[in-house]
Amino acid sequence: MLYFRGCTAREKQTAIGEATERLLEIAGVDFHILEDEKCCGSVLLRTGFIDDAKNQIEKNTGILKGEKIITSCAGCYKTLKDDYEGLDVIHISQLLDELISDGKLKVSKKDLDVTYHDSCHLGRHCNVFDEPRNVIRSAANLVEMENSHENSLCCGAGGGVKSAYPEIADQMASTRISQAKETGCGILITSCPFCKLNLENDDLKVLDLTEFLMEYGEMDESQ
């Protein structure tokens with residue numbers, strides 16, 4: 001398997017990449033990474049630089065084709081799955097769900113209340129709702145926000161909004177954070193590095209799903 005880290009996990013949220021790699025190691029997954037990994041082209045596509053995106057996709061396809069690709073970035077997952085042709089790609093939440101179900105990743109459940117934010121790319125765009133929740137429920141109690149699943153609110157980070165309209169992005173994040181706080185949970189989990197960045201705040205601990213599992217899953221790392 002090839003772990004495609006994505007720009008955000010590779011450069012800004014390196015803890016996500018580290019947590020993902022450690023989980024794969026604990027589960028005995030044979031994987032490798034690209035030392036010279038390039039952007040998947042997601043941002044170029046979503047902000048209208050179509051020709052540049054097509055060139056990036058063409059270059060990456062020659063490298064990625066034939067690999068079983070794991071990604072921890074929801075944006076990369078959607079792009080590699082929907083905008084490339086002939087790639088075999090799985091999001092880390094889906095793989096973790098499989099590994100836990102198969103007993104290859106043994107997680108201990110704690111009496112801990114947490115809430116989960118569905119990212120636009122992974123949720124509404126790719127219909128991945130159950131797998132991350134299954135993973136969370138293996139380790140903690142999941143308390144849903146007012147808006148969840150298909151009705152989840154955007155965090156404000158995607159589609160170039162954070163770069164072009166930062167004030168709007170901050171307002172959207174503030175609304176979502178308020179919903180998370182209303183659950184009474186102290187931990188907010190997401191499966192998207194962009195969402196994690198934009199939802200970080202002083203009142204809640206915001207973790208990627210992989211970080212959450214490493215910190216609270218109480219796994220037997222010697223297996």
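# A tour of two parallel sheets

Three strands, which are DSSP runs of E with at least two residues, numbered from the N terminus, make up an open sheet in the order β1-β2-β3, and the pairing is parallel; two strands count as paired if DSSP finds at least two bridges between them. Select β1 (2-4) and β3 (88-91) to see the edges: each has a single partner strand, so one side of each is left without a neighbour in the sheet. Neighbouring strands here are turned by 30 degrees against each other on average, direction ignored.

Before going further, note that this is a predicted model, in which local features need pLDDT of at least 70 and side-chain atom pairs count only at pLDDT 80 or more, while totals for chains, interfaces and linings use all residues. Residues are numbered from 1 along each chain as its sequence is written, and side-chain values use heavy atoms, with hydrogens and water left out.

Next, select β2 (residues 68-71) together with β3, which pair in the parallel sense over 4 bridges. Ile69 stands opposite Val89 in β3, and the bridge partner of Thr71 is His91, also in β3. Adding helix α5 (residues 74-83) completes a right-handed β-α-β unit with β2 and β3; right-handed means that, with the strands pointing away from the viewer, the path from the first strand over the helix to the second runs clockwise.

Now show helix α6 (residues 92-101), where a helix is a DSSP run of H or I with at least four residues. Helix α6 lies across β2 and β3 and runs at about 75 degrees to β3; axes are lines fitted to C-alpha atoms, for helices over the stretch in contact, and angles run from 0 to 180 degrees between N-to-C directions. Helix α6 also packs with helix α11 (residues 209-216) at an angle of about 35 degrees, their axes 10 Å apart. The contact (heavy atoms within 4.5 Å) is made by Ile92, Ser93, Leu96 and Ile100 of α6 and by Leu209, Thr210 and Leu213 of α11.

Move on to the other sheet, where 4 strands form an open, parallel arrangement in the order β5-β4-β6-β7. Its edges are β5 and β7 (205-208), each with a single partner strand, so one side of each is left without a neighbour in the sheet. Helix α7 (residues 130-137) packs on this sheet, touching β4, β5 and β6 (187-190), and its direction makes about 165 degrees with that of β4.

Finish at Asn147, in the loop between β5 (141-142) and α8 (161-164).
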